[in-house]
Amino acid sequence: MSIRTAVSATALALATALALTGCVAGEGTAPAAAGTPAEGSAWSTDTLDIDFATYNPLSLVIKDQGWLEETFGDDVTVNWVQSAGSNKANEALRAGAVDVGSTAGSAALLARSNGSPIRTIDIYSQPEWAAIVVPADSDITSVADLAGKSVAATKGTDPYFFLLQSLEAAGVPLDQVEVQNLQHADGRTALEQGSVAAWSGLDPIMAASEAESGTRLIYRNIDFNTYGFLNATQDFLDASPDVAQVVVDAYEKARAWAQENPEKVVEILAEVAGIDPAVAQKVIVERTNLAIDPVPGEAQRQVLEVVGPIFVESGDVADQKTIDTALDELFEPTFAEKADPANVAG
């Protein structure tokens with residue numbers, strides 16, 4: 001997979017050390033005005049650690065176009081860290097290896113429910129990025145057929161929660177399915193090599209498997225996909241609201257740019273993910289909706305209110321009260337409400 005800008009081990013170690021030694025500030029700090037530097041005409045930090053992911057096309061656009069680097073100039077070093085899945089983005093946020101990370105909505109709620117002090121500051125997409133996948137010659141034709149079978153899924157990610165919702169809807173108890181916890185790319189390999197009967201897949205890996213190996217999607221349901229959430233650590237929002245605002249501004253610039261230039265987004269995704277452009281086109285054009293309200297709010301809450309009880313039933317969260325509290329605390333809409341793409345250079 002092509003990665004144009006890599007973060008150094010030194011920067012990662014420094015970010016982690018700062019997170020582990022810093023004090024935890026209280027929530028609710030109001031963000032600075034869009035693009036406004038901190039006191040003394042300098043940004044509030046000299047480093048921004050931010051992720052990019054093939055499941056987050058807007059992150060790829062921002063990284064490719066260099067808008068953050070151009071806006072901050074020499075004052076803020078932008079370190080890009082690749083997230084292989086929502087679970088990895090959550091791990092990086094919890095460790096302080098990134099200030100801003102992209103996950104599925106379900107994964108953000110799970111992390112917040114389990115004590116990770118993250119806030120959702122922007123909704124980057126409404127994707128249909130998860131589905132149940134079987135080999136081309138499989139006799140499995142429905143979710144009900146998964147009873148007694150092994151299924152690969154990455155715990156802590158939307159495909160995992162897609163699987164749980166699908167099983168519940170089909171009346172298949174979770175204990176009747178052997179879930180193999182594999183990272184997304186490894187799940188594809190396990191499916192294609194016959195180690196599992198099915199895979200709860202994630203685009204663009206899933207679309208590549210369809211095109212290259214003839215695998216089939218036996219169950220799709222966009223309502224079981226929980227939006228793309230852009231999350232930030234509370235420490236970062238408290239200490240650097242000016243920089244956080246620029247990030248959200250850049251996301252809204254990327255949203256407009258991507259809708260005007262879908263063919264270029266396809267090219268960028270194909271290069272970064274190492275996939276055929278036709279596969280990238282399926283992901284961007286057929287399975288990604290960018291024309292949504294970026295402000296986290298009621299639409300996302302309604303989806304997560306359905307997913308939350310499944311966390312409790314599956315044992316991923318202790319009780320419903322914990323879920324309810326996390327959902328009340330997760331959204332920080334102020335940055336997206338104030339977003340102004342004009343504040344971003346480029």
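The exercises below, each with a worked solution, concern a predicted model.

**Exercise 1.** Determine how helix 11 and helix 12 are oriented to each other, and which residues meet where they pack.

*Solution.* Begin by locating the two elements: helix 11 covers residues 262–273 and helix 12 covers residues 277–287, and they pack at an angle of about 120 degrees with their axes 8 Å apart. Next, compare this angle with the cut-offs, in which 65 to 115 degrees counts as roughly perpendicular and over 145 as roughly antiparallel. An angle of about 120 degrees falls in neither class, and helix 11 and helix 12 are therefore oblique to each other. The handedness of the crossing of these two helices is right-handed. Finally, look at the side chains: from helix 11, Val265, Val266, Leu269 and Ala270 meet Pro277, Ala280, Gln281, Val283 and Ile284 of helix 12. Sorted by class, this contact has eight nonpolar residues, one polar residue and no charged residues.

**Exercise 2.** Work out which strands stand at the edges of the open sheet of five strands, and what follows for their sides.

*Solution.* Start from the strand order, which is 7-6-8-5-9, with mixed pairing. Strand 7 (178–181) and strand 9 (216–219) stand at the edges and each has a single partner strand, so one side of each is left without a neighbour in the sheet. From one strand to the next, the twist averages 35 degrees. Then examine one pair in detail: strand 6, residues 150–153, pairs with strand 7 in the parallel sense over four bridges, and Ser150 has Glu178 in strand 7 as its bridge partner. As a last step, add the helix that covers part of this sheet: helix 8 (residues 205–213) lies across strand 5, strand 8 and strand 9, and runs at about 120 degrees to strand 8.

**Exercise 3.** Identify the buried residues of helix 4 and the elements against which they pack.

*Solution.* Within helix 4 (residues 86–95), the buried residues are Ser86, Asn87, Ala89, Asn90, Ala92 and Leu93. These buried residues pack against strand 1, strand 3, helix 5, strand 4 and strand 10. After helix 4 comes Gly96, which has a positive phi, near 80 degrees.

**Exercise 4.** Decide whether Ser125 is buried or exposed, and list what Ser125 touches.

*Solution.* Ser125 is found in strand 4. Its relative accessible area is 1%, and since buried means under 20%, Ser125 is buried. Leaving aside residues up to four places away in sequence, Ser125 touches Tyr227, Gly228, Thr288, Asn289, Leu290 and Ile292.

Technical notes. Residues numbered from 1 in each chain as written. Predicted model: local features only at pLDDT ≥ 70, side-chain atom pairs only at ≥ 80, totals over all residues. Heavy atoms only, no water. Axes fitted to C-alpha atoms, helices over the stretch in contact; angles between N-to-C directions. Parallel < 35°, antiparallel > 145°, perpendicular 65-115°, else oblique. Left-handed = near helix turned anticlockwise from the far one by under 90°. Contact = heavy atoms within 4.5 Å. Nonpolar A, V, L, I, M, F, W, Y, C, P; charged D, E, K, R; others polar. Pairing = 2+ DSSP bridges. Buried < 20%, exposed > 50% of the residue type's maximum accessible area, 1.4 Å probe, protein only.
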